[in-house]
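Colleague: I should like to go through this two-chain model with you, from the overall folds to the packing of individual helices. Please give the reasoning behind each answer.

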Amino acid sequence: MTVSLGKRSIAEAVGTFILVFFGAGAAAVTLMLAAGTTPATPFNVGIGALGGLGDWLAIGLAFGIAIAGSIYALGRISGCHINPAVTLGLFATGRFPGRDVIPYLVAQFVGAAAASLLFAWAVGPDAVAIGGLGATAPFPGIGYLQAIVIEAIGTFLLMLVIMGAAVDERATPGFAGLAVGLTVAGIITTTGNLSGASLNPARTFGPYLGDWLLGGQNLWGLFPIYIIGPIIGAVLAAFLYDYLSGD
Amino acid sequence: MKCCYCALEGRESEAVAICIVCGMGLCMEHVVRKDVDVWEGGYPFPSKRVKAPLPRILCPECYAALYGK
């Protein structure tokens, strides 16, 4: 007997809220801290102005620690996917029931939207005008298709770690949260200044909605990058892991 | 094996169970059965409580120490 779908959906919303509030919030705060500084290169749009790649490591760790905490807090209740790509990857490989997919996705998007709106309210107008609520976008020189591929590769690694460290019954118990959190931190450190390193459609949805509603940039044209890339990456990783670990 | 509690009371009775914590032999009068829920699964899946709980045999002292009753 599992916890009811309603309670599990609430847990998914809360977990995604934590992810977006602290993770995307860290990106917004970094942009606010760097406001007024002169970027060293045109590749730098603010994040990286203070500590180079260290800025991205800090943002990655904010995401990673929030994710690890959420997994340890909520993992036994809902599974703590907090990412539509992960939910769909598990569904595609027959590990997650189809009837639960839509409620999980809705909860993840609602949690992300609530986090961005509450962050904007708590921090003030600069969170939108300067921080962009931590919205993701490809960086200078990175095209649409390139960004999709980078998002797919990043999410591929994330899902591969989830499969190996959590789904596989042979995995060492208790380490999945830490492994997944640190993996996300590493992926963001490398790909943050390329595609924005969303790895998660809900993580991008929240800031996009907040920016759009509160007078910030309208970035919806970029949203397909953060839907297509992560879903392809997660589904591929799940199938590949099954193939590699099968008899 | 004899029941340790009965022996302490100067009686003699056959043990029917052993306390899982201290290993004391227990007769039907002194045995305490505590059913423990068993959960399986966990991240990235919701935990599931298996239908049948696990029976756990305890002596009155260990039961009181573990559950404060």
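The exchange below concerns a predicted model and takes up the chains, their contact, the cores and the helix packing in turn.

Colleague: How many helices and strands does chain A have?

Modeller: Read from the N terminus, the elements of chain A follow the order α-α-α-α-α-α-α-α-α. The count for chain A is therefore nine helices and zero strands.

Colleague: Is chain A compact or spread out for its length, judged by its radius of gyration?

Modeller: Along the principal axes, the C-alpha atoms of chain A fill a box of roughly 55 × 35 × 30 Å. The globule rule gives 18 Å for 247 residues, and the radius of gyration of chain A is close to that value at 17 Å. Chain A is therefore as compact as a globular protein of that length.

Colleague: What pattern does chain B follow along the sequence?

Modeller: Chain B contains two helices and six strands. Read along the sequence, their pattern is α-β-β-β-β-β-β-α.

Colleague: How does the radius of gyration of chain B stand against the globule rule?

Modeller: The C-alpha trace of chain B spans about 55 × 20 × 15 Å along its principal axes. For 69 residues the globule rule gives 11 Å, whereas the radius of gyration of chain B is 16 Å, so chain B is more spread out than a compact globule. Its value is thus well over that of the rule.

Colleague: What percentage of the residues counts as buried in chain A, and what percentage in chain B?

Modeller: A residue counts as buried when 20 or more other C-beta atoms lie within 10 Å of its own. On that criterion, the share among the 247 residues of chain A is 55%. Among the 69 residues of chain B, the share is 26%.

Colleague: Among contacts with a separation of 6 or more, what share comes from residues 24 or more positions apart in chain A, and what share in chain B?

Modeller: Both shares refer to contacts within one chain. For chain A, residues 24 or more positions apart account for 81% of the contacts with a separation of 6 or more. For chain B, the corresponding share is 36%.

Colleague: Which helix gives the most to the side of chain A that touches chain B?

Modeller: The contact takes 19 residues from chain A and eight residues from chain B. On the side of chain A, H3, helix H6 (144–167) and helix H7 (176–195) each supply at least two residues. By class, that side has 11 nonpolar, six polar and two charged residues. With three residues, the greatest contribution comes from H6(A).

Colleague: Which helix gives the most to the largest nonpolar core?

Modeller: This core holds 82 residues, of which A:Ile59, A:Phe63, A:Met159, A:Ile162, A:Val184 and A:Ala234 touch the most other members. A second, separate core of 12 residues includes B:Ala15, B:Leu26, B:Cys27 and B:Cys59. The greatest contribution to the largest core, 15 residues, comes from helix H1 (residues 5–34) of chain A.

Colleague: At what angle do H3(A) and H9(A) pack?

Modeller: A:Ala85, A:Val86, A:Leu88, A:Gly89, A:Leu90 and A:Ala92 in H3(A) meet residues of H9(A) that include A:Pro230, A:Gly233, A:Ala234 and A:Ala238. The residues of this contact divide into 11 nonpolar, two polar and no charged. The crossing is right-handed. The axes of helix H3 (residues 84–92) and helix H9 (residues 223–245) lie 8 Å apart, at an angle of about 35°.

Colleague: Is A:Ala92 buried, partly exposed or exposed?

Modeller: A:Ala92 belongs to helix H3 of chain A and, beyond residues up to four places away in sequence, touches A:Val235 and A:Ala238. A residue is buried at 20 or more C-beta neighbours within 10 Å and exposed at 12 or fewer. With 15 such neighbours, A:Ala92 counts as partly exposed.

Colleague: What is the handedness of the crossing of H1(A) and H8(A)?

Modeller: H1(A) packs against helix H8 (residues 201–213) at an angle of about 65°, with the axes 10 Å apart. A:Thr16, A:Leu19, A:Val20, A:Gly23 and A:Ala24 in H1(A) meet A:Ala202, A:Arg203, A:Gly206 and A:Pro207 in H8(A). By class, this contact has five nonpolar, three polar and one charged residues. The crossing of H1(A) and H8(A) is right-handed.

Terms used:
Residues are numbered from 1 along each chain as its sequence is written. Chains are lettered from A and ligands numbered from 1 in the order in which they are written. This is a predicted model: local features need pLDDT of at least 70, side-chain atom pairs count only at pLDDT 80 or more; totals for chains, interfaces and linings use all residues. Axes are lines fitted to C-alpha atoms, for helices over the stretch in contact, and angles run from 0 to 180 degrees between N-to-C directions. Helices (H or I, at least four residues) and strands (E, at least two) are DSSP runs, numbered from the N terminus. A crossing is left-handed if the near helix is turned anticlockwise from the far one by less than a right angle, and right-handed if clockwise. Two residues are in contact if their C-beta atoms, placed from the backbone, lie within 7 Å. Ala, Val, Leu, Ile, Met, Phe, Trp, Tyr, Cys and Pro count as nonpolar, Asp, Glu, Lys and Arg as charged, and the others, Gly among them, as polar. The radius of gyration is taken over C-alpha atoms; the globule rule is 2.2 Å times the number of residues to the power 0.38. A nonpolar core is a set of buried Ala, Val, Leu, Ile, Met, Phe, Trp, Tyr and Cys residues joined through C-beta atoms within 7 Å.
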